[in-house]
Amino acid sequence: MTMRIAIAGAGNVGRSIAQELIGNGHEVMLIERQPRQLCPDRVPQARWILADACEMSSLEEADLASCDVVVAATGDDKANLVVSLLAKTEFAVGRVVARVNRAENEWLFTEQWGVDVSVSKPRLMAALVEEAVTVGDLVRLMTFRQGEANLVEITLPRDAPYEGQPIRDVPMPRDAALVAILRGKRVMVPTPDDPLEAGDELIFVCTSEVEDQVRAVVLGSSS
């Protein structure tokens, strides 16, 4: 499904996000208040707007209400919070993703500020480091809706309880779903008949409350 996405902040982060989304077939609008950052030739497929995304009038002119997603990607946490709040409360945008620049501000990026998903680079980098070196443990990659649901990864060790067995035999707890399997260079959408193999990176979406249950099922209750 093609989405209409507005990105506040056209620095390196905003432009990178825009290029990725355009490559995936989405319609992207970049909103930037600094004239020196206005570089349409860098992402020519995007719609570029010179405006302050923290101003209601600017967002009205950009028709933010017609967007499916808003990404607050500036280098200023205060601006990202204001953009998120306006997008959610004034324009009823369905999904708001916000960049957290300073780790000590992460606690502010909550539903009360209109944020559905916050992305903190230190947290994401730490998760990716753990994910790259950890086998046989659960690693939290991202938090959705302020902790109500998480994206977690478990790299399946050899001799795990369900190694070699089809996914249908794995008794997953309620509020947990296996959404992808990374096997070598392949990304697999799991089906009930797919067997689990040692070294598989299993990607789950689950609530915080059942993370321990997911770990116990996949790795064994003694893990």
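**Close-up views of a predicted chain**

**Figure 1. The whole chain has 5 helices and 11 strands.** The model is predicted. Its C-alpha trace spans about 60 × 35 × 30 Å along the principal axes. The chain holds 223 residues, and 47% of them count as buried. Take the contacts between residues at least 6 apart in sequence: 54% of these join residues at least 24 apart.

**Figure 2. The surface of the chain exposes about 11,700 Å².** Carbon and sulfur atoms supply 52% of that area. The chain carries 22 positive and 34 negative charges. The mean positions of the two sets lie 4 Å apart.

**Figure 3. Cysteines: a search of the whole structure finds 0 disulfides.** Cys39 is in no disulfide. Its nearest cysteine sulfur belongs to Cys54, 20 Å away. A disulfide is a covalent bond between the sulfur atoms of two cysteines. The cut-off for the pair of sulfur atoms is within 2.5 Å. Is Cys39 buried or exposed? Cys39 is buried, because its relative accessible area is 14%, and the limit for buried is under 20%. Cys206 is buried as well, with a relative accessible area of 1%.

**Figure 4. Helix H3 covers residues 77-89.** The helix has 13 residues. From first C-alpha to last, H3 reaches 18 Å, close to the 18 Å expected at 1.5 Å a residue. Its buried residues are Asp77, Ala79, Asn80, Leu81, Val83, Ser84, Leu86 and Ala87. An α-helix has 3.6 residues a turn, so residues three or four places apart point the same way. Which elements do the buried residues of H3 pack against? Two strands come from earlier numbering, E1 (4-8) and E4 (69-72). Helix H2 (56-61) and strand E5 (95-100) complete the list.

**Figure 5. Helix H5 covers residues 211-219.** The buried residues here are Glu211, Val214, Arg215, Val217, Val218 and Leu219. Glu211 and Arg215 are thus listed beside Val214, Val217, Val218 and Leu219. What covers the buried residues of H5? The cover includes four strands: E7 (138-144), E8 (149-155), E9 (176-183) and E11 (201-206).

**Figure 6. The end of H5 leads to Gly220.** Gly220 sits just after the helix. This glycine takes a positive phi of about 105°.

Notes: Residues numbered from 1 in each chain as written. Predicted model: local features only at pLDDT ≥ 70, side-chain atom pairs only at ≥ 80, totals over all residues. Heavy atoms only, no water. Buried < 20%, exposed > 50% of the residue type's maximum accessible area, 1.4 Å probe, protein only. Contact = heavy atoms within 4.5 Å. Areas by Shrake-Rupley, 256 points an atom, 1.4 Å probe, with all protein chains shown as cover. Lys, Arg positive; Asp, Glu negative; His and termini not counted. Charge placed at Lys NZ, Arg CZ, Asp CG, Glu CD. Expected span 1.5 Å × (residues − 1).
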